[in-house]
Amino acid sequence: CLSGINNKEGNQMAQLQELITNYTPSRAAAQLVADAKLVLLVGITGAGKDTIKTQLLAEPLFRDIISHTTRKPRINNGTHEVNGRDYHFITEETAAAMLGEQAFIEAKFVHGTVYGTSVAEVEEAYRQGKIAITDIDVQGVTEYKELSPGVVAVFILPPSFSVWQQRLRNRYPSHTAFMAEWPARRRTAIDELTHALELPYYHFIINDDLAEAVRSTRQIALKPDIYTRKDDEARLAARDLLDEIIAMSGE
C-alpha cells in the first residue's frame with residue numbers, strides 16, 4: 001500500500017513538473033500584464049523587501065499580488081501563515097487544474113512545491129486601478145519581462161555586507177544553524193545579484209533608511225522610466241556587495 005501511495009505521489013509530482021516546464025500563459029494574460037501597472041520587488045534574503053512591501057500596501061495606491069502555493073502553511077516568527085493573506089494554499093490537484101486552464105501568469109516548481117501568480121490576482125488590481133506589487137525572485141522577473149517590458153523591477157539591497165550578515169544570523173537560533181544554511185544563502189545571493197547586474201532594467205535601492213527606501217520605491221513605481229544618479233550609486237553598491245559576498249566564505 002505504501003509503495004502504491006509513493007508511486008502515485010511521484011507520478012503526480014512528475015505531472016506537475018511537466019506541466020510547469022511546458023507552461024505558457026494565455027494571450028489574454030500577456031495582454032493583462034502589458035496593460036496593468038506591475039511592480040516586482042526583488043532582493044537577497046534579509047534586504048528588507050517584505051518590510052518595504054508592507055509599508056507600501058498600507059497606501060491605497062497599491063494592491064498585493066498574493067501567490068498560490070502547494071506547500072503547507074508555516075509559522076513565521078511565531079505567527080501562523082493565513083490562507084488568502086500570506087498565500088493561497090492549494091492542493092496539487094488544484095494546481096494541475098489551474099495550469100491546464102492557463103490560470104497562472106507565471107509558475108515554477110521548487111523542491112517539489114508549486115508557486116505561481118494567478119491571472120485573477122493581477123486582474124483584480126487592474127480592475128481597481130491600483131499598482132499591483134509583489135516580491136519575487138529574478139527568474140519570475142524574467143518571465144514577467146518576457147510578457148511585457150513595461151513591468152517594473154526593483155532590487156532591494158541591505159545597507160552593507162556586515163548588516164546583511166547580522167540580519168541573517170539573527171534568523172537562526174545558533175551559529176551552527178546559521179552555518180548549515182550559509183552556503184545556500186551565499187550561492188543564492190551571488191546568483192541573484194549577478195543576474196540583476198547584467199540587466200539594464202533593474203532599479204536598485206539601498207535599504208539603509210526604511211522611510212527613504214519606501215519613498216524611492218513609490219517614486220519608481222510612479223515614474224519607472226526615470227533613472228537617476230541614485231540608481232547608479234545603488235548599482236555600484238550592489239557590485240561592491242557582490243564582491244564582498246564572493247570574497248567571504250562566512251566562517
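Contact here means heavy atoms within 4.5 Å. On that basis, residues 24 or more positions apart account for 73% of the contacts in the chain with a separation of 6 or more.

Two remarks on conventions. This is a predicted model, so local features need pLDDT of at least 70 and side-chain atom pairs count only at pLDDT 80 or more, while totals for chains, interfaces and linings use all residues. Residues are numbered from 1 along each chain as its sequence is written, and side-chain values use heavy atoms, with hydrogens and water left out.

Overall dimensions next. The C-alpha atoms fill a box of roughly 55 × 45 × 35 Å along the principal axes. The radius of gyration, taken over C-alpha atoms, is compared with a globule rule of 2.2 Å times the number of residues to the power 0.38. For 251 residues a compact globule would come out near 18 Å, and the chain has 19 Å, which agrees. Buried residues make up 43% of the 251, where buried means under 20% relative accessible area, exposed means over 50% and partly exposed is in between, with a 1.4 Å probe and protein chains only.

Now secondary structure. The chain has ten helices and eleven strands. Both are DSSP runs numbered from the N terminus: helices are H or I with at least four residues, strands are E with at least two. Two strands pair if DSSP finds at least two bridges between them.

What is the order of the strands in the open sheet of five? The order is β2-β9-β1-β10-β11, with parallel pairing. Its edge strands are β2, residues 62-64, and β11, each of which pairs on one side only. Neighbouring strands of this sheet are turned by 30° against each other on average, direction ignored. For such angles, axes are lines fitted to C-alpha atoms, for helices over the stretch in contact, and the values run from 0 to 180 degrees between N-to-C directions.

I will stay with β10. Strand β1, residues 38-43, pairs with β10 in the parallel sense over five bridges. Val39 stands opposite Val152, and Leu41 has Val154 as its bridge partner. Strand β11, residues 202-206, also pairs with β10 in the parallel sense over five bridges; there Ala153 is matched with Tyr202. Because six of the six residues of β10 are buried, the strand is largely enclosed by the rest of the structure. In a regular strand the side chains alternate between the two faces of the sheet. In β10, Val152, Val154 and Ile156 point one way and Ala153, Phe155 and Leu157 the other.

Take Phe155, in strand β10, residues 152-157. Why does Phe155 count as buried? Because its relative accessibility is 0%. Leaving aside residues up to four places away in sequence, Phe155 touches eleven residues by name: Val42, Gly43, Ile44, Val138, Glu192, Leu193, Ala196, Tyr202, His203, Phe204 and Ile205. Phe155 and Val214 are 59 residues apart in sequence and 12 Å apart in space, C-alpha to C-alpha.

One helix belongs with this sheet. Helix α9, residues 210-222, lies across β1, β2, β9 (131-135), β10 and β11, and runs at about 165° to β11.

Next, the antiparallel part. Strand β7, residues 104-110, pairs with β8 in the antiparallel sense over six bridges. Val110 has Thr113 as its bridge partner, and Glu106 has Thr117. Their hairpin has two residues between the strands, and His111 takes a positive phi near 50°. On the other pairing, strand β3, residues 68-69, is joined to β8 by two bridges and runs antiparallel, with His68 opposite Gly116.

Strand β8, residues 113-118, is mostly covered, with six of its six residues buried. Thr113, Tyr115 and Thr117 point one way, and Val114, Gly116 and Ser118 the other. In β7, five of the seven residues are buried, so that strand is also largely enclosed by the rest of the structure.

Last, the rings. The structure holds ten aromatic pairs. Rings of Phe, Tyr and Trp (its six-membered ring) pair if their centres lie within 6.5 Å; planes under 30 degrees apart count as stacked, over 60 as edge-to-face and the rest as tilted. Phe161, Trp164, Tyr172, Phe178 and Trp182 form one aromatic cluster. Separately, the charged end of Lys145 sits over the ring of Tyr201, 4.5 Å from its centre. The criterion is NZ of Lys or CZ of Arg within 6 Å of the ring centre and within 35 degrees of the ring normal.
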